Amino acid sequence: MTDADHTGTGDPRRTIELLWGVREKPRRGPKPKLTVEEIITAAIELADAEGITALSVRRGAERLGVSPMSIYTYIPSRAELLDLMMDRVHGELTDPPPSHDWRATVTILAEDAWAMYHRHPWMLQLTTSRLPLGPHTFAKHERELGAVDAIGLTDLEMDAVVAMVNGFVQGIARGSVESASLVRRSGLTDMEWWTASAPVLAEIPEADAGLFPLAARIGQAAGEAHGAASAPLHTFRFGLARILDGVEQLVTGEAQGSERELPS
């Protein structure tokens, strides 16, 4: 990871103007060959196909059939482009149907984000301590806060719950995407890899399953249930439900200890 893979590192004024579509007054002369939207679309397509490390102004220019200098007249650098790409992808997320069931709403939003990360795995490769200050990113955060508004949480608790859910979704999605990538690169599914590995492991006395009975039992049960050595989607849905159980306990006052006393 390099500084080039961080969002929020470009020129703040120019980035925000681009994110919000602030345009300079039209100038006389030939009609521009490109639009900012076309550049963002080409960059996302490139990142989807080859990963974020393949993204450069030069590669984007090649995809659009223009010179790299032409791109710079619209977007100053890769840093601003990353913010624009992320905000555009956040625009794919939609409003959940109206509901009085906050758990159902949070689950829908989390499932939507899960699908987004699998459509655009490069989003998980970016460092996002400074999220894009664009309309789609703000709308995403507003929806997430709205899902837990007026259910009995303080403002700080609402903020923490949204951050916790987002962090969980990103973490499990990252593992899922990496697992799928490993299958493609190795040419073996998890079960095929385990089938090939197990006989070799059995030849090593130190790795006797009798020495690790819990791992052997649970591993066999999980493998039979999921048909794979791991099941990211099951882990995601199971873990999300448990997180929401904890939030519900906090709301109903059943949580133990000093959970409502957030650290300063």
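Reader: What makes you say the charged end of arginine 242 sits over the ring of phenylalanine 238?

Author: Keep in mind that this is a predicted model. The charged end of arginine 242 comes out 5.0 Å from the centre of the phenylalanine 238 ring. The cut-off is 6 Å from the ring centre, together with a place within 35 degrees of the ring normal, so a pair that passes both gets the label.

Reader: How many aromatic pairs does a search of the whole structure find?

Author: Three.

Reader: Why is the pair of tryptophan 20 and phenylalanine 138 called tilted?

Author: Their ring centres are 6.3 Å apart, and the limit for a pair is 6.5 Å. The planes meet at 40°, which is neither under 30 nor over 60 degrees, so tilted it is. Along the chain these two are 118 residues apart: tryptophan 20 is in the loop between helices H1 and H2, phenylalanine 138 in helix H7.

Reader: Why is tryptophan 20 called partly exposed?

Author: Its relative accessible area is 45%, and partly exposed runs between 20% and 50%, so the label fits. Phenylalanine 138 also has 45%, so that ring is partly exposed too.

Reader: What makes the pair of tryptophan 114 and phenylalanine 236 stacked?

Author: The angle between the planes is 15°, and stacked needs under 30 degrees, so that settles it. Centre to centre, the rings are 4.4 Å apart. Here too distant parts of the chain are linked, with tryptophan 114 in helix H6 and phenylalanine 236 in helix H11. Both residues are buried.

Reader: Which residues do ring pairs link into a cluster?

Author: Trp114, Phe168 and Phe236.

Conventions. Residues are numbered from 1 along each chain as its sequence is written. This is a predicted model: local features need pLDDT of at least 70, side-chain atom pairs count only at pLDDT 80 or more; totals for chains, interfaces and linings use all residues. Side-chain values use heavy atoms; hydrogens and water are left out. Rings of Phe, Tyr and Trp (its six-membered ring) pair if their centres lie within 6.5 Å; planes under 30 degrees apart count as stacked, over 60 as edge-to-face and the rest as tilted. Helices (H or I, at least four residues) and strands (E, at least two) are DSSP runs, numbered from the N terminus. Buried means under 20% relative accessible area, exposed over 50%, partly exposed in between (1.4 Å probe, protein chains only).
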